[in-house]
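Subject: Structure handover

Hello,

I am passing on the structure below, together with notes on what was found in it. Please read the notes with the structure open beside them.

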Amino acid sequence: MRVDDLLDGLRAGHRATMARAITLVESTAPRHRAAARELLLALAGDAATRTPAVRVGISGVPGVGKSTFIEALGGQLTAAGHKVGVLAVDPSSVRTGGSVLGDKTRMATLSADPHAFIRPSPSAGTLGGVARATTQAMAVLEAGGYDVVLVETVGVGQSEVTVSGMVDTFLFLTLARTGDQLQGIKKGILEIADVIAVNKADPDDPAREQEARVAARELAGALRLVRGHAEWAPPVITCSGLTGARVDEVWAQVLQHRDHLGADGLAHKRAEQQLDFTWALVRDELDQRLRHSTGVKAVQAEVRAALLAGELTAPLAADRLLAAYDGS
Ligand SMILES: Nc1nc2c(ncn2[C@@H]2O[C@H](COP(=O)(O)OP(=O)(O)OP(=O)(O)O)[C@@H](O)[C@H]2O)c(=O)[nH]1
Ligand SMILES: [Mg+2]
């Protein structure tokens with residue numbers, strides 16, 4: 001399919017074209033790269049004339065209820081006239097090649113909603129590669145008129161930091177586990193979260209709801225310690241993704257954070273993200289070139305053998321590989 005046809009289909013909001021365009025920008029095949037670049041360049045032109053979509057990262061440990069929350073929130077938003085795109089960044093897909101997050105079966109209602117588009121995590125490559133695919137998929141969704149993009153990521157290590165660098169607002173879901181909830185949350189998360197919600201505070205379970213409220217208060221206190229007198233004090237509220245209770249309140253806080261950024265603040269944040277993204281792309285490309293370098297391939301086995309035999313130290317081996325790369 002030609003890039004012009006993709007653009008026409010996207011602008012007209014055709015779902016099949018959307019899927020095809022996302023596949024194109026996710027592709028790491030060299031033959032797709034030129035077309036993907038052309039498409040993204042055209043989309044960047046479109047974006048300049050449009051109100052930016054609301055990009056929200058949603059994170060939390062496995063089982064905290066991210067997908068269920070997105071199902072509830074997405075339904076509320078499409079009912080209110082929004083078009084909602086859902087993407088996933090799944091670090092486990094990087095290791096296993098499988099895709100756990102964004103599992104459509106867990107978002108049964110939303111995946112059948114004509115005003116929602118759910119895309120499971122791309123299941124290949126490095127975390128950087130998956131993040132690149134996700135950033136570009138966001139641009140495609142926005143071109144298709146999706147004014148809200150939700151990015152689900154499981155709360156393990158680097159993936160949250162990666163996702164927080166791609167979105168406007170970072171929402172962290174957690175659970176009330178009295179006593180150990182603070183240990184369960186890495187300090188790094190408290191530094192990057194913009195809104196925190198203690199989930200599974202179901203209204204039909206008053207004891208649990210109460211526990212969640214206590215946890216929210218404790219967390220708010222801990223946040224004050226970590227963040228000091230930062231301009232934005234992340235609100236900590238309770239909700240229940242399963243019943244939909246207070247999910248609207250969480251969304252109100254997301255919008256509040258966006259208001260706090262203001263149009264200029266948002267533009268600045270996105271520009272900075274583009275700069276970081278640029279360097280990530282450069283590193284990604286260098287990595288690819290290193291992998292495919294004929295010079296490196298030529299000496300790789302020999303260097304490996306020498307290193308394993310103890311004839312070369314790691315720094316010397318690295319020098320040899322880099323020299324082979326520079327020379328090819
Ligand atoms: N009681 C209760 N259960 C919930 C709530 N939200 C989710 N659950 C349950 O928690 C389990 C995990 O929910 P998911 O939405 O799949 O969690 P997740 O965070 O997306 O999980 P991963 O994608 O595996 O990281 C499911 O059995 C849900 O039904 C809630 O608000 N209340
Ligand atoms: Mg999930």
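A word on naming before the findings: helices here are DSSP runs of H or I with at least four residues, strands are DSSP runs of E with at least two, and both are numbered from the N terminus. Please also keep in mind that this is a predicted model.

The loop between strand 7 and helix 11

That numbering is needed for Arg246, which sits in the loop between strand 7 and helix 11. Although Arg246 is not a glycine, its phi is positive, at about 65°. Most residues other than glycine have a negative phi. Is Arg246 buried, exposed or partly exposed? Its relative accessibility is 38%, a value between the 20% and 50% cut-offs, so Arg246 counts as partly exposed.

Strand 7 covers residues 236–238, and Thr238 belongs to it. Thr238 has a relative accessible area of 6% and is therefore buried, the limit being 20%. Which residues does Thr238 touch, once neighbours within four places in sequence are left aside? They are Val198, Ala201, Ala212, Arg213, Ala216 and Arg246.

Lys200 is another residue with a positive phi of about 65° that is not a glycine. Its place is in the loop that runs between strand 6 (195–198) and helix 10 (206–227). With a relative accessible area of 30%, Lys200 is partly exposed.

The magnesium ion

Which residues coordinate the magnesium ion, ligand 2? Ser67 does so through OG and Glu152 through OE, at 2.1 to 2.2 Å. The two come from distant parts of the chain, 85 residues apart: Ser67 is in helix 4 (residues 66–79), while Glu152 is in strand 4 (residues 148–154). Ser67 and Glu152 are both buried.

Helix packing

Two packed helices are described by the angle between their axes and the distance between the axes. Three pairs are described here in that way.

Helix 4, which holds Ser67, packs against helix 11 at an angle of about 75°, and the two axes are 10 Å apart. Angles of 65 to 115 degrees count as roughly perpendicular, which means that helix 4 is roughly perpendicular to helix 11. On the helix 4 side the contact is made by Phe69, Ala72, Leu73, Gln76 and Leu77, and on the helix 11 side by Val247, Asp248, Val250 and Trp251. Sorted by class, this contact of helix 4 with helix 11 has seven nonpolar residues, one polar and one charged.

Helix 11 (residues 247–292) also packs with helix 7 (residues 127–143), at an angle of about 135° and with the axes 10 Å apart. Helix 7 and helix 11 are therefore oblique to each other. Their crossing is left-handed. Helix 7 contributes Gly128, Gly129, Arg132, Thr135, Gln136 and Glu142 to the contact, and helix 11 contributes Arg270, Phe277, Leu281 and Asp284. The residues of this contact of helix 7 with helix 11 divide into two nonpolar, four polar and four charged.

The third pair is helix 1 (residues 3–11) and helix 3, whose axes come within 10 Å and cross at roughly 40°. That angle makes helix 1 oblique to helix 3. The crossing of helix 1 and helix 3 is right-handed. In helix 1, Val3, Leu6, Leu7, Leu10 and Arg11 meet Ala35, Glu38, Leu39, Ala42, Leu43 and Asp46 in helix 3. What is the class make-up of the contact of helix 1 with helix 3? It has eight nonpolar residues, no polar ones and three charged ones.

Two further loop positions

Gly144 is in the loop between helix 7 and strand 4. At 5% relative accessibility, Gly144 counts as buried. Not counting residues up to four places away in sequence, Gly144 touches Leu10, Gly13, Met18 and Lys83. Leu10 also appears above, among the helix 1 residues that meet helix 3. From C-alpha to C-alpha, Gly144 and Thr23 are 15 Å apart in space, and they are 121 residues apart in sequence.

Ala48 lies in the loop between helix 3 (30–47) and strand 1 (54–60). Is Ala48 buried or exposed? Ala48 is exposed, because its relative accessible area of 68% is over the 50% limit. Along the chain, Ala48 and Thr28 are 20 residues apart, and their C-alpha atoms are separated by 26 Å.

Regards

Technical notes:
Residues are numbered from 1 along each chain as its sequence is written. Chains are lettered from A and ligands numbered from 1 in the order in which they are written. This is a predicted model: local features need pLDDT of at least 70, side-chain atom pairs count only at pLDDT 80 or more; totals for chains, interfaces and linings use all residues. Side-chain values use heavy atoms; hydrogens and water are left out. Axes are lines fitted to C-alpha atoms, for helices over the stretch in contact, and angles run from 0 to 180 degrees between N-to-C directions. Angles under 35 degrees count as roughly parallel, over 145 as roughly antiparallel, 65 to 115 as roughly perpendicular and the rest as oblique. A crossing is left-handed if the near helix is turned anticlockwise from the far one by less than a right angle, and right-handed if clockwise. Contact means heavy atoms within 4.5 Å. Ala, Val, Leu, Ile, Met, Phe, Trp, Tyr, Cys and Pro count as nonpolar, Asp, Glu, Lys and Arg as charged, and the others, Gly among them, as polar. Donors are N, O and S atoms within 2.8 Å of the metal (3.2 Å for Na, K and Ca); water is not among the atoms, so sites may look incomplete. Buried means under 20% relative accessible area, exposed over 50%, partly exposed in between (1.4 Å probe, protein chains only).
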